[in-house]
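Here is a walk through one protein model, taken a piece at a time. Keep the sequence and the 3D view side by side as you read.

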Amino acid sequence: MSCYNSQKEHGRYFHYNEVTGIVSLDPAFAKNQSIMWPVHQLYNTLVEVDSNLELKPSLSKHWTISEDRKTYLFYLRNDVFFHNDAAFPNGRGRKLTAYDVVYSFLRLRDPKTASPGAWIFNNKIDSQGFKALNDTVFQLKLLRPYQPILGILSMQYCSIVPREAIEKYGKDFRRHPVGTGPFQFVAWEEGQALILKRNPVYFERDSLGRRLPYLDGIKVSFNDSRATEFLLFRQGKLEFINDIDASFKDEVLTKQGKLRRNWEGKVILQTHPYLNVEYFGFLVDSSNALVKQSPTQYKKLRQAINYGFDRGKMILYLRNSIGIPANSGFVPAGLPSFDSSKVKGYHYNPELARKLLQEAHFGAGNPPPPIKLVSIPVYAEMADYVAKQMEEIGIRVEVEIVQKSFLLEMTSNSRALFFRGSWIADYPDAENYLSVFYSKNPAPPNYTRYRNPAFDDLFEKALAETNDTLRYQLYRSADQLVIDDAPVVPLWYDVVIRLVQPNVEGFKPNALNLLELRHVRIMN
């Protein structure tokens with residue numbers, strides 16, 4: 001680590017902490033934020049999402065789409081090189097070609113890779129779907145038109161990797177990454193630190209023609225304590241922290257979500273809509289014995305729960321106004337198709353909740369049996385808040401707190417009747433959220449086991465629709481159907497919140513909460 005310390009004195013390193021640790025630097029395993037952030041620095045994809053959630057070229061300069069919308073041709077840049085690495089002759093990174101794209105996508109789908117992202121091309125790609133027509137033209141063939149395919153290609157799973165490095169390092173590629181990204185791998189001491197340095201031949205330039213990135217490197221620490229992370233940030237040893245832990249949010253933020261006066265001028269508070277919806281879900285598979293015995297089988301009772309608590313007060317008091325009350329659909333604010341005037345959700349209305357309970361044949365003399373809500377420790381307060389408000393309308397909710405891994409196992413195996421969930425977008429299209437309710441999808445993503453032929457029909461029509469305006473209308477109709485059927489209780493649409501040191505420039509938040517460091521500078 002001594003070489004790093006001397007570099008730090010002379011260079012500009014961006015420091016951040018990863019509380020949860022990092023298990024792999026192989027993009028085929030980029031299934032959560034802790035992995036996606038470093039992968040985004042090390043690799044590139046054919047297309048990427050800009051700060052306005054528009055898709056733009058990255059490794060490809062441009063693309064064409066056939067008239068039948070099934071064949072895409074991507075014309076690649078010819079000035080992109082893999083990082084220097086011992087996997088290549090003389091240790092010199094070679095030029096990226098269309099054959100690398102074919103290799104990377106086939107590897108992602110290969111059962112031997114065992115990637116959690118293998119599903120992204122399922123039932124979408126022709127049997128000869130990936131083909132290099134020459135070094136700089138990659139052909140993608142679909143089984144049928146599928147409008148969100150460009151969004152899929154922007155996912156970190158679709159990062160381009162070199163065959164030589166995979167063959168040289170095998171399973172160890174997870175800790176010896178080789179990509180084309182703005183930063184390249186230096187060292188990773190698991191549980192201690194990850195160090196990346198600037199890629200001196202990175203292909204992107206700024207508007208003045210200067211080569212990106214500006215930083216000399218990145219250092220990631222792995223303190224698993226939020227309190228330690230906060231202390232390091234206060235001491236100026238971290239450039240930013242992502243999200244504000246409940247234990248110190250009241251010290252930093254007012255209830256209105258603004259910086260307290262004693263913090264003003266010392267840090268920068270960044271907030272931005274985040275494509276994440278937090279919700280409670282109901283298992284609604286009527287063939288499941290658990291559902292048959294539960295009052296949650298009744299739609300009107302599920303609707304009563306949706307009307308029975310005040311989302312606005314919950315966000316104000318428990319989250320210091322960080323988040324937008326989910327009074328519309330399951331699809332969150334921040335997406336281009338979102339329109340709260342077109343998708344009508346639930347507002348706090350205890351009288352209507354009681355009326356719906358009576359219509360479900362439950363009332364003062366005949367209360368429904370207790371309903372168990374399974375949540376995780378970090379959401380215990382939210383669950384208790386909802387349970388308390390349910391009491392007032394005549395529904396008894398018993399909160400059970402379990403570890404996240406156990407809850408995932410329960411929801412994947414249809415053993416949780418009423419459960420806490422969240423859905424973060426992989427790419428900026430409402431299809432990503434509505435797929436959670438498509439009956440042909442397993443769990444994940446369809447944890448509620450929702451099945452409605454009318455919804456499936458709208459969803460399938462939307463996927464084939466090439467006109468954005470019409471597609472958004474179909475999305476909204478499908479979202480409204482789900483909300484009316486109430487297999488979920490949307491809680492809030494999330495917001496990215498960051499505390500940033502005042503000397504960090506060009507560091508902008510985005511709706512996917514990707515760590516974007518290409519244009520960042522650290523000033524004196």
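Which residue takes a positive phi just after α6? It is Gly 236, with a phi of about 80°. The model you are looking at is predicted. We will come back to α6 after a look at the whole protein and its sheets.

Start with the overall form. The protein has 16 helices and 19 strands. Its radius of gyration is 24 Å, close to the 24 Å that the globule rule gives for 524 residues, so the protein is as compact as a globular protein of that length. Along the principal axes, the C-alpha atoms fill a box of roughly 80 × 60 × 40 Å. Of the 524 residues, 55% count as buried. Now take the contacts between residues at least 6 apart in sequence: 68% of them join residues at least 24 apart.

Next, find the open sheet of 4 strands. Its order is β1-β10-β9-β8, and its pairing is mixed. The edges are β1 (13-17) and β8 (183-189), each of which pairs on one side only. From one strand to the next, the twist averages 15°.

Walk across this sheet from β1. Strand β1 pairs with β10 (residues 217-221) in the parallel sense, over 5 bridges. Here Tyr 13 stands opposite Gly 217 of β10. The step from β10 to β9 is antiparallel, again with 5 bridges. Ile 195 has Lys 219 in β10 as its bridge partner. Then β9 meets β8, also antiparallel, through 6 bridges. In this pair, Phe 185 is matched with Leu 196 in β9. β8 and β9 form a hairpin with 3 residues between them. Gly 191, in the turn, has a positive phi of about 85°.

A helix lies over this sheet. It is α2 (residues 33-42), which lies across β1, β8, β9 (193-198) and β10. Helix α2 runs at about 135° to β8.

Now move to another group of strands, around β5. Strand β5 (residues 71-76) has 5 of its 6 residues buried, so it is largely enclosed by the rest of the structure. Strand β4 (residues 60-65) runs antiparallel to β5, and 5 bridges join the two. Ile 65 stands opposite Tyr 72 in β5. The hairpin of β4 and β5 has 5 residues between the strands, and Arg 69 in the turn has a positive phi of about 65°. Strand β5 also pairs with β7 (residues 137-142), antiparallel and through 5 bridges. Tyr 72 appears again here, with Leu 140 as its bridge partner in β7.

Finally, return to α6 (residues 226-234). Which of its residues are buried? They are Glu 229, Phe 230, Leu 232 and Phe 233. These residues cover an arc of only 160° around the axis, which puts them on the same side of α6. A general rule helps here: an α-helix has 3.6 residues a turn, so residues three or four places apart point the same way. What covers the buried residues of α6 includes β1, the edge strand met earlier. It also includes β11 (240-242), α7 (246-252) and β17 (488-500).

Look at both ends of the helix. Ser 225 caps the N-terminal end of α6, with a side-chain oxygen 3.2 Å from the backbone nitrogen of Ala 227. Just after α6 comes Gly 236, with its positive phi.

Key: Residues are numbered from 1 along each chain as its sequence is written. This is a predicted model: local features need pLDDT of at least 70, side-chain atom pairs count only at pLDDT 80 or more; totals for chains, interfaces and linings use all residues. Side-chain values use heavy atoms; hydrogens and water are left out. Two strands pair if DSSP finds at least two bridges between them. Axes are lines fitted to C-alpha atoms, for helices over the stretch in contact, and angles run from 0 to 180 degrees between N-to-C directions. Contact means heavy atoms within 4.5 Å. Buried means under 20% relative accessible area, exposed over 50%, partly exposed in between (1.4 Å probe, protein chains only). The arc is that of the directions from the helix axis to the C-beta atoms. A polar contact is a pair of N or O atoms within 3.5 Å; within protein, one must be able to donate a hydrogen and the other to accept it, and residues adjacent in sequence count only if both atoms are side-chain atoms. The radius of gyration is taken over C-alpha atoms; the globule rule is 2.2 Å times the number of residues to the power 0.38.
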